[in-house]
Structure formats: C-alpha cells, structure tokens
Amino acid sequence: MTNLGNITAIIGTQWGDEGKGKLVDILAEKYDWIVRATGGANAGHTIYVNEKKFVFHQVPSGALQLNTKMIIGNGCVINLPSLAEEIQLLTNEGISLAGRFFISDRVHLACDYHKKIDVLQEEMKGGKKIGTTGRGIGPAYSDKINRMGIRLGEILNWDAFETHYQNNLATLQKIYPGLEHDANAELAEFKKHREALLPYITDTVLLLHGEITAGKKILLEGANATMLDIDHGTYPFVTSSNASIGGIVTGTGVPPRKIDSIIGILKAYTTRVGAGPFPSELNNETGEYLRAKGGEFGSTTGRPRRCGWMDTVVAKYACMINGLTHINLTKLDVLTGLPTLRIITGYKVHGKLLESFPSDLSQLEPANGFEPEYIEMPGWTEALDNCTSFEQLPANAQAYVTKLEEIIGLPMTFIGVGYNRNQLITK
Ligand code: GDP
Ligand code: IMO
Ligand code: MG
C-alpha cells in the first residue's frame, strides 16, 4: 500500500461526483478520523456495500467503517432536520454514530428559509440560472460572510438562539419581501432534534489538534470539487465555498503543513450537473453512452449529469491549485466499448493556445473562436470489472492511463474499475 502519511486530503478535481465517497469509504478502515471540511447537503457521496447503496450528504463517508470516528468541520453548512434524518437512516441500518461523531460548534446553519432564498435567487436569474441543488448553500454561506449567520454552538443557549434565528429571518425578509416562512414550525423542528444532537456538538478544532498530537490518522474529505470552487472554479457557475485545498484547511483548522498527502479524484471522463461552461461536453450519442453506462444521474437531485471527454486542462489546473500528490482515476470501466477515446489537451481561442483555465468564461464559447485541442487513443472492448492489477488491464486501457500520467505529471495511484469496494486497483 502506498504510504500516504498520517494526514490525507481527498479532493474532487472536476465538477463533482468523481467518486470521492468510494475512496473515503475504502481508506476509512485505515484512518482514525474522517473529517468533512466544506459544503453541506449539496454533496452526495455514494458507497456500495454488497450491492446496497448508501448516499452521504452531510455525514462523513466513513460511517460504514465502525471503528472510524467522524467530524463535520467548521467550514460546512448544515441543515439540522436533514442531518437528523441521515443519522436516523444509518441507525435503521444498525450503524450507530454515538460516541464516534462530532460536529463543530462553529458550523453554520442552512435553514429551510435559506433553501427558499436559493430558489428565489435562481428564479430571479431568469435564463442565467446556476442550477443549484436547492439546498440553501449559497444563502447560508452568504449569511456567514455577511456576519449574520447562525452557528450551531448557539443552540446550546436556546433563548439566544431563538432570538438570533428570528432576527436573521426578519432581516432576510426585508431583503426578499416575497420570502414567506413559518418560523415557529422550523424552530419546533430544531427543538425536536436538539437533545439528540447536543452530545455531538463540540470544539472540533481542539479535538482534532489533540488527535494530531497523539499521532492519529486523519482523512480530510473534500466535497463538491475544484471547478466548483468559489475562487478557482467556473464563477459564477460554482458553489459558495472553497471546495479546493484552501477550504480543507480553513474548514477544519488543520494547518496546511500537517497535511502529508492530497489525493485528487479524477473521473476517466468528465461530468457536470447544473449550468456553466463544459469545454469537453458531448451532446451526442457518446455522451448518452457515458451517462447510461456510468449511471450519471445526480446523487443529490437525481438530475441527469452532462457528460464529456477527459479534459487534462482541468486536471492540470486542479493539480496546480491543490498541490496534489496522488490521483485516483475513477470509472475507467465505463469507457469499455468506445472505439476511440478523446483526451482534451489544450484550449485554443482563434488558434492561440491558452496557458491555463481562463477566468473569462466567454473565451470558452465556440462563437468566440474557442476550440479544444485533443489527442485520440484507441479504446478497448474487454470488461474491467475483475481486473485487480494494472497489468491485468487491457493494453489500450493501460496506454490510456499511462498517457494521462504523462500529460498530467502525476501517478494514477488508485484506479477504479467498478463501484464496489474491491474494484480498486492500487498501482
Ligand atoms: P462523489 O460525489 O465524488 O462521492 O461521487 P458520487 O457518489 O456522486 O458519484 C460517483 C458514482 O460513481 C457513484 O455512484 C459511485 O458508486 C460510482 N463509482 C465510483 N467509482 C467507480 C468506478 O470506478 N467505477 C464505476 N463504474 N462506478 C464508480
Ligand atoms: P459532490 O460532493 C456535483 C453544483 C450544483 C450547481 C452548483 C451550485 O457530490 O461531488 P449549490 O447547491 O452548491 O449552490 O450548487 O454546484 N454542485 C455539485 N455538483 N457534485 C457536487 O457535490 C456538487 N455540489 C454542488 O449542481 O451546479
Ligand atoms: Mg456526488
């Protein structure tokens, strides 16, 4: 097994849904702690155990490894009733979180009225919708940045919490006059879950630093992905937090120098849910093939995911921003059956090669002279499901992986060949 050190971060390199949850679940066995750093219920991390499907939205994807402890870090925003529901679903499966799950007292709340504002904001955008998950993520992070957000720790003092909640809602109703909300119903819902959630709430920064000092192994679970990062992604078609390495650091309180390895999760092709530029998108039957074979439907909203070729401009950009040390190439098996595979290697505007991913998204429109540069590789017809080593992969699949390593400049340490736990090659 590759030596990843004591503290490892896992980060999506594309537009999300690369398969972060699967690797977190597999590695969790070897880690003492799994820590979510950013995002909220917009994430959907899928894990299969003996054909049973689990989707984690807010609870870290280490829950199924019963000896592993978990933290929701301060950088996340959480919706309490959905979190309670997620915990209940796990309890129904015999998976208890008691004593092994903690939530930062600094985490901000994404209330149901934030969800309503999310919908209102999308409506106001008319034809320029982002296609959010509707989970109130943007409005909750806006409140945080506006210094009017509600932190979970406040719930310890119910009366002050209730006042802050009412004030927050009243302020937002002034900004959004159409915002109707039954505050008493939501507060009653919070009160219902409060007792059960209290034991989980703590200063997770202090907790984590104690564990780091004790030499414990910690896996920092990224959510969303680099191209959805509020600073580095395809703004404004992004989420409202730093989904890349910076967010992992601020969202947990783990200092950057303590992180030993950073694994980028890279799907063997590209997908995107929601609106925004997608230079390698395939609006044809190859795109349909990938969607059907890869089961490319959102884990959170069920929306069909847009599909396209591997884009190494994106992959290299993600390597650069995150300082990746390893890559997990996922879903290589989905490419089986395609006669020719395309890899995007550069972006040209009016024949001139761009140096990196541009901030001006209009440069990515064909009408403005955009054209992707690409190479083609021969495909393979063999199923990869039972391959357990790199050498067992068909020659053309090996060549595809080697070519990506060459272009991106990092080893594909882990290669996914199916959704099951055992369908992971370590190179
Ligand atoms: P995440 O948000 O990054 O955790 O990814 P999602 O769970 O939203 O989407 C990834 C999907 O691909 C899930 O349904 C996984 O079970 C599945 N998956 C992950 N790795 C592989 C793989 O190597 N091969 C196949 N066929 N499916 C995979
Ligand atoms: P995981 O962790 C895929 C996308 C949404 C939308 C944009 C903004 O499962 O990879 P938001 O609700 O965050 O305001 O939506 O970001 N998005 C994701 N797409 N996977 C995710 O998470 C995503 N999280 C946000 O589809 O385009
Ligand atoms: Mg997902």
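The following exercises, each with a worked solution, concern a predicted model.

**Exercise 1.** Identify the protein donors of the magnesium ion (ligand 3), and decide whether each donor residue is buried, partly exposed or exposed.

*Solution.* The protein donors are Asp17, through OD, and Gly44, through O, and they lie 2.0 to 2.2 Å from the ion. Placing them along the chain, aspartate 17 sits in the loop between strand E1 (7-12) and helix H1 (20-28), while glycine 44 sits in the loop between strand E2 (33-36) and strand E3 (45-49), so that the pair, 27 residues apart, links distant parts of the chain. For the second step, the class buried requires under 20% relative accessible area. Aspartate 17, at 21% relative accessibility, therefore counts as partly exposed, whereas glycine 44, with a relative accessible area of 9%, is buried.

**Exercise 2.** Describe the surroundings of tryptophan 158, leaving aside residues up to four places away in sequence.

*Solution.* Tryptophan 158 is found in helix H5 (residues 158-175), and at 9% relative accessibility it counts as buried. With the stated exclusion, tryptophan 158 touches Leu187, Phe190, Lys191 and Arg194. For one of these, lysine 191, the separation from tryptophan 158 is 33 residues in sequence and 8.6 Å in space, C-alpha to C-alpha.

**Exercise 3.** Classify the packing of helix H2 (residues 80-92) against helix H6 (residues 183-197).

*Solution.* The axes of H2 and H6 come within 10 Å and cross at roughly 50°, and the two helices are therefore oblique to each other. The crossing of H2 and H6 is left-handed. The contact is made by Leu80, Pro81, Leu83, Ala84 and Ile87 of H2 together with Glu189, Phe190, His193 and Leu197 of H6, and these residues divide into seven nonpolar, one polar and one charged.

Conventions:
Residues are numbered from 1 along each chain as its sequence is written. Chains are lettered from A and ligands numbered from 1 in the order in which they are written. This is a predicted model: local features need pLDDT of at least 70, side-chain atom pairs count only at pLDDT 80 or more; totals for chains, interfaces and linings use all residues. Side-chain values use heavy atoms; hydrogens and water are left out. Donors are N, O and S atoms within 2.8 Å of the metal (3.2 Å for Na, K and Ca); water is not among the atoms, so sites may look incomplete. Helices (H or I, at least four residues) and strands (E, at least two) are DSSP runs, numbered from the N terminus. Buried means under 20% relative accessible area, exposed over 50%, partly exposed in between (1.4 Å probe, protein chains only). Contact means heavy atoms within 4.5 Å. Axes are lines fitted to C-alpha atoms, for helices over the stretch in contact, and angles run from 0 to 180 degrees between N-to-C directions. Angles under 35 degrees count as roughly parallel, over 145 as roughly antiparallel, 65 to 115 as roughly perpendicular and the rest as oblique. A crossing is left-handed if the near helix is turned anticlockwise from the far one by less than a right angle, and right-handed if clockwise. Ala, Val, Leu, Ile, Met, Phe, Trp, Tyr, Cys and Pro count as nonpolar, Asp, Glu, Lys and Arg as charged, and the others, Gly among them, as polar.
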